[in-house]
Amino acid sequence: MMPRLLVTLDSMRFENTGLHTFGRSLGRELVRQGAGSFDTSAYAYPPQHGVLGPQVSYVDHRRYHRWVFPQGRRYDVVHFTDQYCRFGPDRVRARTVMTVHDLNQVHEQPAGSRKLQRYLRRLARKIDGVDRVVAISEFVKTDILRFFPDAAHKISVIHNGADASFAPDGHAPRFVPAGRFLFTVGMVCPKKNFHVLVPLLRSTDHTLVIAGVIKEDYRQKILAEAARFGVAGQVAITGPVSQADKDWYYAHCEAFLFPSLAEGFGLPVLEAMHHGRPVFLSRLTSLPEVGGDVARYFDHFDPEHMREVLATGLARFQGDDGGATGAARARAHAMRFTWEKAAAAYLDLYCQCLAA
């Protein structure tokens, strides 16, 4: 009888998020590689049933699972694919693995604040309760060990993959910029730091396209910055977009910019590189680990410094055989991160847990 594996996907409730991409892409590869080795089930909201294919059993999310999970004895291995699952490791009788995507709160909240302390206490209970912890980057591993040093014996790093997807021929998004444009994507919220990109539009004909789920207060801040710098007509905040739309923006943008203040990994960086685009990042948290020596970096967010980094980086990118060499380097770097590698590492970890 094959060991029974439960993969939690309840954070896939909303599309156009990194957790949705992670759950879908990793989950499908786990099913493909694990066929014949694991009897796989997925814990998800009903609209997500079928996301990993018909060969997977689906367990409905229920609100009461926060307190009791009746299926907790059915599985041999439970993989909490993020630290936000609606039920914790104390609700199951199985070997447990938990993926930690980030400790962004420690970079966003004041040290010693009540909110931060509550967050750390909740996370400590989960880390203490699982058999193995996976960090999606070396940066996240360092953060975990900084606050939870007792987890050193059970933590490992498995990098995310990145999908190389492309828009269908002839596809165009609902909003098509009139000319050259810069692109960024992610939840439109303060930690993404998108407002610092607005001054880059001054004295240019570029449009800045920002795609992602919108937090209205931060949207208003971006628009206020655009008005202040006299570029109100050059900022387009589209809201969530389809995968095909996102791929179109990657493929046609002048550059992809990601000045985020806190990232556990940064999948859009590699997605843009798969399209051979020049990428400009902040130096904060995990981004240098993911961007490597192919990306260009903003050392700080002074507008003149950012303008110089962007101009110099674009000139160098185009100087490499008209961009062909730069595009090839970007694609080669992105191809180092695959879901095939990630899934193989997770399946090996499940086997280690069962053998322990």
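**Strand β12 and its sheet**

In this predicted model, strand β11 (residues 255–258) lines up with β12 in the parallel sense, with three bridges between them. One of the contacts can be named: Phe256 has Val279 of β12 as its bridge partner. Getting from one strand to the other involves helix α7 (residues 267–274), and β11, α7 and β12 together make a right-handed β-α-β unit. That helix lies across β8, β11 and β12, and runs at about 170° to β11.

On to the other neighbour. β12 also pairs with strand β13 (residues 296–298), again in the parallel sense and over three bridges. Here Leu281 has Tyr297 in β13 as its bridge partner.

What about the two faces of β12? Both are covered in strand β12, which spans residues 279–282. Val279 and Leu281 are buried on one side, and Phe280 and Ser282 are buried on the other. So Val279, the bridge partner of Phe256, belongs to the buried set, and Leu281, the bridge partner of Tyr297, does too.

Zooming out, these strands belong to an open sheet of six strands with parallel pairing, in the order β10-β9-β8-β11-β12-β13. The edges are β10 (235–239) and β13, each of which pairs on one side only. Neighbouring strands in the sheet are turned by 25° against each other on average, direction ignored.

A further helix, α6 (residues 243–252), lies across β8 (181–185), β9 (207–211), β10 and β11. Its direction makes an angle of about 140° with β8. Both β8 and β11 are thus crossed by α6 and also by α7.

Terms used
Residues are numbered from 1 along each chain as its sequence is written. This is a predicted model: local features need pLDDT of at least 70, side-chain atom pairs count only at pLDDT 80 or more; totals for chains, interfaces and linings use all residues. Side-chain values use heavy atoms; hydrogens and water are left out. Buried means under 20% relative accessible area, exposed over 50%, partly exposed in between (1.4 Å probe, protein chains only). Helices (H or I, at least four residues) and strands (E, at least two) are DSSP runs, numbered from the N terminus. Two strands pair if DSSP finds at least two bridges between them. A crossover is right-handed if, with the strands pointing away from the viewer, the path from the first strand over the helix to the second runs clockwise. Axes are lines fitted to C-alpha atoms, for helices over the stretch in contact, and angles run from 0 to 180 degrees between N-to-C directions. Contact means heavy atoms within 4.5 Å.
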